[in-house]
Amino acid sequence: MKIICLVKYVSCDSSKQKQLVINEDDNYALEIALRYKDKNQLTTIEVVTMAPAVVELQTHDLIRKGVDYVTILSDNQFRASDTYATALIIASYLKNVTYDLILSGNETCDGNTGHVGIQVATLLDIDQYSYAKQIDICETELLAEIDYGQVQYQMQVSYPCLISCLKTKTIRPRFVKRTNRKLPVDSKVQVINNQQLAVDATQIGLKGSPTYVKKVSQITLPAKQQIYLSSQDGLDYLLNKLQSEGYIR
Amino acid sequence: MMRALIISDPFAPKTSLQLVAQLQQCDIRVEQLAIGSVVNEEFFKWTYYMDLNSQQLINLKQLAQVIGDFIKTQKYDIVCSIASSYMRNLIARISALLKTGLVADVTAINFESSQIELIRPTHQDQKIATICSRNLPLMMSIRNQGNYNYSHKIDDFNLVYIHTSINALSAKQTLTESTIELEDAKLIIAGGNGLGNNFDLLFRLEDYLHGLTAGSKRSVDNGWLAKERQVGMSGKIVKPKIYIAIGIEGYIHHIVGMQQADFIISINKNRTAAINTISDVVIEADGKQFCDQLLMALTALK
C-alpha cells in the first residue's frame, strides 16, 4: 500500500510568532496513515507539500516519525496561487507518482476552504470525499464514514481515492521518539521546483490563478456606545432586560 | 442581464430557496438546478431538475461531471450554492472540472462594478477581502444570511427535466433531522473559550429562558458543543433580538455571524475583548461565575 499525505505548513495562531507548523487536520490524517503503517510493514508513506523551501528542516521530523519520503513543491512561480492553481501544481506532481490512497486534512486553519484536496482529486480523476469522520484502510477498499451534518454516509470507496479527514479526538498525533531525534534523513527529502515540474506558469501564481484578491479592507463595525457594568449591576440589568422582553415570566 | 445558477442542496432545500430569494433581490436572472428527490414546494420559476436517489447523490465524481457538462452548455456568470458541507464538497469538484474560480463562504456579492466582486471575511485579522475572478462562471458557496422568504407560486414554473445515468454507489445514508434553528432564534446565549467546558450551564439557562445555546468556533473545536450550534463564518449567521455572549473574545470569524443581532450583551473578564466594541452592554465578570449567579437568581424567581 502506498499512501500519499498532503499537508500544508501554516501559521495560524496570531498570538504566537509567525512560525510555520503542520496544519492540525493534516497532522491527524498523517497519524492515521502512520498507524496503518505500524500494523502493515509493507506500507510506504510519502508526504507531499507545497511550501516555501524553509520548511525543509521541519519536514525531517516527519521522516523521524516514520514517513518514508517527503516531497516539497517549492518555487517562486507557485507563490500566491489560489486553491485551483495550488491543486493544479500538486496534481501535476501526483500524475507521475503511483499511489493507492491520498489522505489530507479536511481544511486548513488559515483558509478554511477545504478546496484543495477536492480539486486535486478532480484533476487526477479519482474519487474524493471530505468530512471523513472515521476511515478504515483495508487492503482492497476503504471504509469511510462521511459526516455532512444533515446527512451521513457509511460507504466503501475503491482505490485510488483521496479522503479529506476531520480531526478526531480519539487519536493523538505522535511526536518524534527521543531515540530518533537525530536520525539522518537527507536523501529522503526532495525539493522540486517548477523547472522540474513544468506547470504552465500562466496558469498559476498571483497572475495565473482564476481568482484574485482585489482589495483587503478593515472591517468597519457599527460604532456603538457601550455601557460597562460590574458583575452585580450586570446581573440586575440582565434580569430586568429579560423580564421586560418577556423571557422571564 | 447576468445569469446565476443556484444548485440547491438536496439535504437543505429550504435554505437553498432562501438563497434564491436573496439573489432575486439583485438585478440578475436567477435559475435553479434541483438535484435529488424534490417535491413541488422546492421548485421555483426557472428550474432544472435531476431526479437522483441517495446512492446516486453520493457518487460525487459522476454527479460533478454531469452538472459540469450541463453548465458548459449554458452561459452563467455565477454558479453558487449554500455553504453546507455536502455542497462545498460537490461544487469544488465541479469548479475544478470547469477550471474556473471558486470562493468559499461568501457573505456578499457586488454586481454593480464592472466585475463581479465577492466579499469574504479573512480568517486572521479583522479584515474583509474583495475577491474577483479572471474567468466565468465564477463559482462560490454562500453563507446563509437568513430572513429571506421565497414566495412560491405553484403554477408559475418552467420545469426542465434533465435525464442522467449516474451509477448508484453502495452506501448507507443516515439523515439527521436538525432541530436547532439558530437562524430563527429570538434569544441566543452563546459561550466561548472564556467559559471553559461549562456549557451545561448554558443549557440550563436555555431551559429557563427559552432561548438557544450557541458557541464560538473555539468552543466547537474544543469539543464542548455540537457543530450545528456554532455561530460565525463557518457556522451559522444569526439575527436574534438579544445575543448574550459569555466569555467570547470576538474574532472576526465569530462577529460576522452575530453582529446583526438587535441587542448584544457581552459578559467578559477582559475589558479589551474585541466583542465589547460591538456590544450594547458589557458586563465585566467571569463567564462561569456569572452563569452560576444568573441561574441562582432565576431559580429564586421561579
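**Exercise 1.** Determine whether B:C291 and B:C132 are buried or exposed, then count the disulfides over all chains.

*Solution.* B:C291 is buried, at a relative accessible area of 0%; buried means under 20%, exposed over 50% and partly exposed in between, with a 1.4 Å probe and protein chains only. B:C132 is likewise buried, with a relative accessible area of 0%. Next, take the sulfur of B:C132: the closest cysteine sulfur, in B:C26, is 16 Å away, too far for a bond. A disulfide is a pair of cysteine sulfur atoms within 2.5 Å. The count by this rule is 0 over all chains.

This is a predicted model, in which local features need pLDDT of at least 70 and side-chain atom pairs pLDDT 80 or more, while totals for chains, interfaces and linings use all residues. Residues are numbered from 1 along each chain as its sequence is written, chains are lettered from A in the order in which they are written, and side-chain values use heavy atoms, without hydrogens and water.

**Exercise 2.** Find which residues of helix 3 of chain B are buried, and where they lie around its axis.

*Solution.* Helix 3 spans residues 60-72 of chain B; helices are DSSP runs of H or I, at least four residues long, numbered from the N terminus. Its buried residues are B:L60, B:L63, B:A64, B:I67, B:G68, B:F70 and B:I71. Viewed down the axis, these fall within an arc of 160°, so they line one face of the helix. The arc is taken over directions from the helix axis to the C-beta atoms.

Conventions. Helix = DSSP H or I, 4+ residues; strand = E, 2+ residues; numbered from the N terminus. Expected span 1.5 Å × (residues − 1).
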